[in-house]
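New to this one? Here is a quick briefing to read alongside the sequence and the 3D view.

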Amino acid sequence: MDETAGGSRPVDFETATAVHRKRRRPLRAEVVSALEKVVGPEHVLSGRAALEVYARDSWPLAALRVHHGAELPLPDVVVLPGGVAEVSAVLEILYEHEVPVIPYGGGSGVLGGTLPVSGGVVVDVKRLDRVLEINDEGLYVTAQAGILAVDLERALARAGLTLGHFPQSVDVASLGGLIATRSAGQFSTKYGNIEDMLLALEVVLPGGKVVRTRLAPRSSTGPDVKNLFLGSEGTLGIVTEASLRVHPRPEKRETQSYEVADFVKGLELIRRVMRTGLRPAVIRLYDPIETAHSFKGLASQGRCLLLFVFEGFGRLVDLEASAVDDICGPEAERQLGPEPGRHWLEHRNIVRALPEFMNQNLVVDTLEVAATWDRVADLYRTMTERMLKVKGIISASAHSSHSYTQGTNLYITFVALGPDLAAAERVYYEIWEAAMTACLEAGGTMCHHHGVGLHRTRWMPAEHGEALEVLRRLKEALDPKGLMNPGKLFGEVD
Ligand SMILES: Cc1cc2nc3c(=O)[nH]c(=O)nc-3n(C[C@H](O)[C@H](O)[C@H](O)COP(=O)(O)OP(=O)(O)OC[C@H]3O[C@@H](n4cnc5c(N)ncnc54)[C@H](O)[C@@H]3O)c2cc1C
């Protein structure tokens with residue numbers, strides 16, 4: 001049990017995720033042949049090796065279990081439909097036969113969102129990978145949901161445009177996955193997050209009905225249907241197509257950085273920049289641990305690095321850079337010039353592979369939260385203090401990477417010692433429990449952009465309070481049999 005956080009939460013994977021508590025019966029042969037008829041037998045995978053690939057996403061705890069030779073639940077089969085009509089037919093068959101459905105994009109989710117905890121059929125949409133229209137006059141793009149973010153951006157670049165959405169996982173995340181998890185890109189301060197880009201979508205509902213929302217720059221026609229599927233994490237339907245806002249490619253890009261005395265001082269400078277109405281494309285503030293780790297030789301020991309990237313219309317870029325300098329220059333310890341920004345732009349998507357840590361018996365994960373400016377300094381202190389009290393933790397470091405007029409996010413990385421699976425799972429769950437409860441108590445939201453998946457469902461009642469009832473009723477209305485991605489977002493496994 002979790003003594004550190006004072007709670008009675010389960011601290012092992014099986015209990016915490018309720019895996020196999022209500023495992024459904026194995027898939028019947030007639031269902032498999034019906035699926036094969038729709039997508040072709042070559043697009044129904046049932047070999048052990050394929051099922052093991054689809055048994056996990058990029059959740060570090062799943063990787064840890066595999067590293068220690070522990071089992072993960074397997075899907076019954078994986079289906080790869082080739083178009084919306086096939087997705088619809090697949091969902092019709094699966095709903096009729098009461099088979100759980102796990103929508104799958106790039107598998108880069110970091111919270112177990114695609115783990116088939118009740119078995120069932122993984123529906124991988126990677127064959128839906130076409131750009132359907134780039135409309136330069138209306139400045140929007142329509143693409144299928146399985147396209148990778150990197151391929152969509154390449155197609156737009158050829159047309160002189162950009163989506164402006166650059167998650168660190170840009171090479172592996174799919175458009176549908178980005179929508180389904182309410183993703184945030186590294187350039188979000190200027191271009192917004194995925195919800196600011198989405199104009200319309202096509203989604204296949206449980207049972208197979210295809211729904212399209214109207215493409216418009218804005219409308220006042222009742223609750224926004226497309227928004228119901230933003231962040232729905234495969235629990236309400238399968239997104240098959242989306243139209244998104246795009247922008248002309250920036251004329252100019254500049255970067256500049258500052259060394260600041262401490263993290264709270266850096267947060268205050270970002271607040272002032274945002275309050276002025278300036279919109280750098282990127283604002284990142286690193287605490288002393290992350291500054292030393294990511295900018296070796298580029299900043300002084302013990303200081304925090306505050307980094308800006310400006311891009312867009314040339315004259316505006318110059319103006320923004322000089323206005324930010326007016327705010328930050330006098331308050332910073334040192335102006336560091338463009339070099340740290342260039343270094344970040346070059347290395348921003350390089351991530352150390354988890355096995356490097358696991359081979360040293362280290363447990364590593366990241367968690368991202370957010371709060372308004374009046375709460376965020378307290379949130380930073382409370383969360384890191386509580387996390388550092390957990391027995392076995394080695395470090396908890398933070399940066400802020402997505403800022404708004406009203407507040408910012410904190411992206412916290414922890415490293416802990418876990419010599420065997422039981423110890424690793426214990427320390428993992430205890431640190432998360434300490435972090436999430438501290439966050440909610442300090443008035444933050446428990447998640448800025450990675451979503452809920454399987455792992456964060458435990459804190460959904462505390463996050464939403466009575467508002468969770470609205471989401472649950474929506475789920476019951478759209479998915480009365482509870483077959484879409486069981487166990488995720490809402491927590492139910494049946
Ligand atoms: C190294 C690394 C860096 C990352 N950086 C960022 C970052 O900067 N910003 C960020 O926001 N996230 C980041 N992530 C997290 C991850 O990339 C995002 O959550 C991403 O949106 C997941 O997309 P995916 O296609 O891989 O989805 P998957 O992992 O395949 O699925 C994620 C969830 O979406 C559902 N889903 C997938 N496709 C569909 C669909 N077509 N219709 C309905 N539901 C669907 C799944 O069922 C699941 O619940 C990072 C992850 C890694 C490993």
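What follows is a short tour of the domains, one domain interface, the ligand surroundings and the salt bridges. Keep in mind that this is a predicted model. The protein chain splits into four pieces: domain 1 (13-126 + 473-478), domain 2 (131-248), domain 3 (252-347) and domain 4 (354-450).

**Where domain 1 meets domain 2**

- Start with the spacing: 23 Å separates the C-alpha centres of domain 1 and domain 2.
- On the domain 1 side, 17 residues make contact, and they meet 21 residues of domain 2.
- Putting domain 1 and domain 2 together buries about 1600 Å², and carbon and sulfur atoms give 73% of that area.
- Within domain 1, the residues that lose the most area to domain 2 are Val-84, Leu-91 and Leu-478, which together make up 30% of what that side buries.
- As for charged pairs, zero salt bridges turn up across the interface of domain 1 and domain 2.
- Polar contacts do appear there, with two residue pairs counted between domain 1 and domain 2.

**What the domain 1 side is made of**

- Helix H5 (84-96), strand E3 (101-104) and helix H19 (468-478) each bring at least two residues to the side of domain 1 that touches domain 2.
- H5 supplies the largest share of that side, with six residues.
- Sorted by class, the side of domain 1 that touches domain 2 holds 10 nonpolar, four polar and three charged residues.

**Around the ligand**

- The ligand has 33 residues around it, and those that come nearest are Pro-103, Ser-108, Ser-169, Ser-174 and Ala-184.
- Ser-183 has an N or O atom in its side chain that sits 3.0 Å from an oxygen atom of the ligand.
- Gly-177 takes part through its backbone, where a polar atom is 3.2 Å from an oxygen atom of the ligand.
- Gly-234 also has a backbone N or O atom to look for, 3.4 Å from a nitrogen atom of the ligand.

**Salt bridges**

- Across the whole structure there are 30 salt bridges.
- In general, side chains of opposite charge can pair when their charged atoms come close.
- One pair to look up is Glu-259 with Arg-303, a salt bridge whose closest N and O atoms are 3.3 Å apart.
- This pair links distant parts of the chain, 44 residues apart: Glu-259 belongs to strand E12 (residues 252-260), while Arg-303 is in the loop between helix H12 (288-294) and strand E14 (304-312).

Key. Residues are numbered from 1 along each chain as its sequence is written. This is a predicted model: local features need pLDDT of at least 70, side-chain atom pairs count only at pLDDT 80 or more; totals for chains, interfaces and linings use all residues. Side-chain values use heavy atoms; hydrogens and water are left out. Domain bounds come from an automatic or database domain assignment. Contact means heavy atoms within 4.5 Å. Buried area is the accessible area (1.4 Å probe) that two parts lose on being put together, summed over both. A salt bridge is a side-chain nitrogen of Lys or Arg within 4 Å of a carboxyl oxygen of Asp or Glu. A polar contact is a pair of N or O atoms within 3.5 Å; within protein, one must be able to donate a hydrogen and the other to accept it, and residues adjacent in sequence count only if both atoms are side-chain atoms. Helices (H or I, at least four residues) and strands (E, at least two) are DSSP runs, numbered from the N terminus. Ala, Val, Leu, Ile, Met, Phe, Trp, Tyr, Cys and Pro count as nonpolar, Asp, Glu, Lys and Arg as charged, and the others, Gly among them, as polar. A residue is near a molecule or strand if one of its heavy atoms lies within 4 Å of it.
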